[in-house]
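Please examine how helix packing, ring contacts and charge pairs are arranged in the protein shown here.

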Amino acid sequence: MSKPDPFGFDMSVSSAKKRNPRGRRGMSGASETSTRVCAHEGCNEAGKFRAPKAPDVLDDYLWFCQKHVREYNQKWNFFEGTTEAELNAQQSKDKVWERTTRPLGDPEARAWARLGIEDPHQVLGQNATQNPGRGQAAGRRLPPTERRAIEILEAKDSWTKTEVRRAYKKLIKVLHPDMNGGDRSQEEQLQEVVWAWDQIKESRNFKD
């Protein structure tokens, strides 16, 4: 049981309705205090039932008697004049209670986008492509002569001597006059290839 207010104010809902009866509606939806006349042409009954004027004017009403508000509601079509594309769009919104789903994405990319930068690498400019990373630079530590020999033989420092020898023989077939039809125009390169193989052949840095 609620206690009476010590200041003499009655804050109950029923008391508020008694003080302000405007807009009170019965169980049938009729506005008990309405003094309007039914908006249907030729009808002089009291207009106690309201209905929106148009789909795009939902906060302005017409007032009818009970009979004519039923007729009005039966003819009511919220989507009247709506194209099929607009109808499909509205149905999609209704599925999520008109709360559009935010697209998923990289939060870091969105942070850069707020600064007007589409690609974070733009901040670095040309320096963005000058560092190839440790993966490409890392390799076996070799003496300068052996490193040069590997480059000449178009081999890799991770290969075995057997693999390097295959690359050496492949080059010999292309460069040696006895194997390329007597072409001696590449003899200088042939000498470099022979020198390079001698370096790797005697090296202890490559497994057999």
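The paragraphs below treat one helix, then the aromatic and charged contacts.

This is a predicted model, in which local features need pLDDT of at least 70 and side-chain atom pairs count only at pLDDT 80 or more, while totals for chains, interfaces and linings use all residues. Residues are numbered from 1 along each chain as its sequence is written, and side-chain values use heavy atoms, with hydrogens and water left out.

Helices here are DSSP runs of H or I with at least four residues, numbered from the N terminus. Helix α7 comprises the 15 residues 161-175, and its end C-alpha atoms lie 21 Å apart, in agreement with the 21 Å expected at 1.5 Å a residue; the expected span is 1.5 Å times one less than the number of residues. Its buried residues are K161, V164, A167, Y168, L171, I172 and L175. They lie on the same side of α7 because they cover an arc of only 145 degrees around the axis, the arc being that of the directions from the helix axis to the C-beta atoms. On the other side of α7, R166, K170 and K173 are exposed. Buried means under 20% relative accessible area, exposed over 50%, and partly exposed in between (1.4 Å probe, protein chains only). The buried residues of α7 pack against α6 (144-152) and α8 (187-201), contact meaning heavy atoms within 4.5 Å.

The structure holds 2 aromatic pairs. One of them joins Y168 and W197, which are stacked at 5.4 Å centre to centre with 15 degrees between the planes. This pair links Y168 in helix α7 to W197 in helix α8, 29 residues apart. Rings of Phe, Tyr and Trp (its six-membered ring) pair if their centres lie within 6.5 Å; planes under 30 degrees apart count as stacked, over 60 as edge-to-face and the rest as tilted. Y168 counts as buried because its relative accessibility is 17%, and W197 likewise counts as buried at 10%.

Which residue forms a salt bridge with K161? The partner is D208, with the closest N and O atoms 3.7 Å apart. A salt bridge is a side-chain nitrogen of Lys or Arg within 4 Å of a carboxyl oxygen of Asp or Glu. This pair connects helix α7 with the segment after α8, 47 residues apart. K161 counts as buried at 13% relative accessibility, whereas D208 counts as exposed at 73%.

The whole structure contains 5 salt bridges. Among them, R147 and D157 meet at 3.1 Å, N to O.

How values were computed. Helix = DSSP H or I, 4+ residues; strand = E, 2+ residues; numbered from the N terminus.
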